[in-house]
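Reader: I would like to go through the side-chain pairings of this model. Let us take charges, then a polar residue, then the rings.

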Amino acid sequence: MPDRTYEFVQLDVFTQKPLAGNPLAIFPDARGLNDGEMQALAREMNLSETTFILPRDAGIEAREGKKVRIFTVEAELPFAGPPTLVTALH
């Protein structure tokens, strides 16, 4: 992967207590990452799921929202409720 920097946050899902529940990594701006890089980052995070937000044109976002991709350590998921909700609330 080229030498780039991407910010991410890690949140706990299914809990109100810090350092409990299921951790989720969220990359709020994944522009520039390809499929393989997202999968490699998810594998490196080693969490149940990692989400990548891909900002879109303002008009498309107004109609359809942001594009979110969800990866486990092994594969991309077409949809998963908890990481989608937590990512939306972030």
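Reader: Is arginine 56 buried, partly exposed or exposed?
Author: The model is predicted, and its values are computed. The relative accessible area of arginine 56 is 28%. Buried would need under 20%, and exposed over 50%. Arginine 56 therefore falls in between, as partly exposed.

Reader: Which residue does the side chain of arginine 56 meet in a salt bridge?
Author: Side chains of opposite charge can pair when their charged atoms come close. For arginine 56, the N to O distance is 3.5 Å. The cut-off is 4 Å. The partner, at 51% relative accessibility, counts as exposed. That residue is glutamate 64.

Reader: How many salt bridges does a search of the whole structure find?
Author: Arginine 56 with glutamate 64 is one of them. Another joins lysine 66 to glutamate 61 at 3.2 Å, N to O. Lysine 66 is partly exposed, at 48% relative accessibility. Over the whole structure, the search finds six.

Reader: Which residues are linked with Arg69 in a network of salt bridges?
Author: Arginine 69 meets glutamate 76 at 2.7 Å, N to O. Arginine 69 counts as buried at 13% relative accessibility, while glutamate 76 is partly exposed at 36%. The network also takes in an aspartate. Its members besides Arg69 are Glu76 and Asp35.

Reader: Which backbone oxygen does the side chain of glutamine 39 reach?
Author: Glutamine 39 sits in helix H1, residues 35-45. Its relative accessibility is 13%, under the 20% limit, so glutamine 39 counts as buried. Beyond its neighbours within four places in sequence, glutamine 39 has contacts that include Phe71, Val73 and Glu76. At 2.9 Å, its side chain reaches the backbone oxygen of threonine 72.

Reader: Are the rings of phenylalanine 52 and phenylalanine 71 stacked, tilted or edge-to-face?
Author: The count of aromatic pairs comes to three. In this one, the centres are 5.6 Å apart and the planes stand at 85 degrees. Planes over 60 degrees apart meet the rule. The pair is therefore edge-to-face.

Reader: How many residues apart in sequence are the parts that this pair ties together?
Author: Both rings belong to buried residues: phenylalanine 52 is at 0% relative accessibility, and phenylalanine 71 at 2%. Phenylalanine 52 lies in strand S3, residues 49-54, and phenylalanine 71 in strand S4, residues 67-71. The separation in sequence is 19 residues.

Reader: Which residues form one aromatic cluster with Phe52 and Phe71?
Author: The cluster is made up of phenylalanines. Phe52 and Phe71 supply the edge-to-face pair. The other members are Phe8 and Phe27.

Conventions: Residues are numbered from 1 along each chain as its sequence is written. This is a predicted model: local features need pLDDT of at least 70, side-chain atom pairs count only at pLDDT 80 or more; totals for chains, interfaces and linings use all residues. Side-chain values use heavy atoms; hydrogens and water are left out. Buried means under 20% relative accessible area, exposed over 50%, partly exposed in between (1.4 Å probe, protein chains only). Helices (H or I, at least four residues) and strands (E, at least two) are DSSP runs, numbered from the N terminus. A polar contact is a pair of N or O atoms within 3.5 Å; within protein, one must be able to donate a hydrogen and the other to accept it, and residues adjacent in sequence count only if both atoms are side-chain atoms. Contact means heavy atoms within 4.5 Å. Rings of Phe, Tyr and Trp (its six-membered ring) pair if their centres lie within 6.5 Å; planes under 30 degrees apart count as stacked, over 60 as edge-to-face and the rest as tilted.
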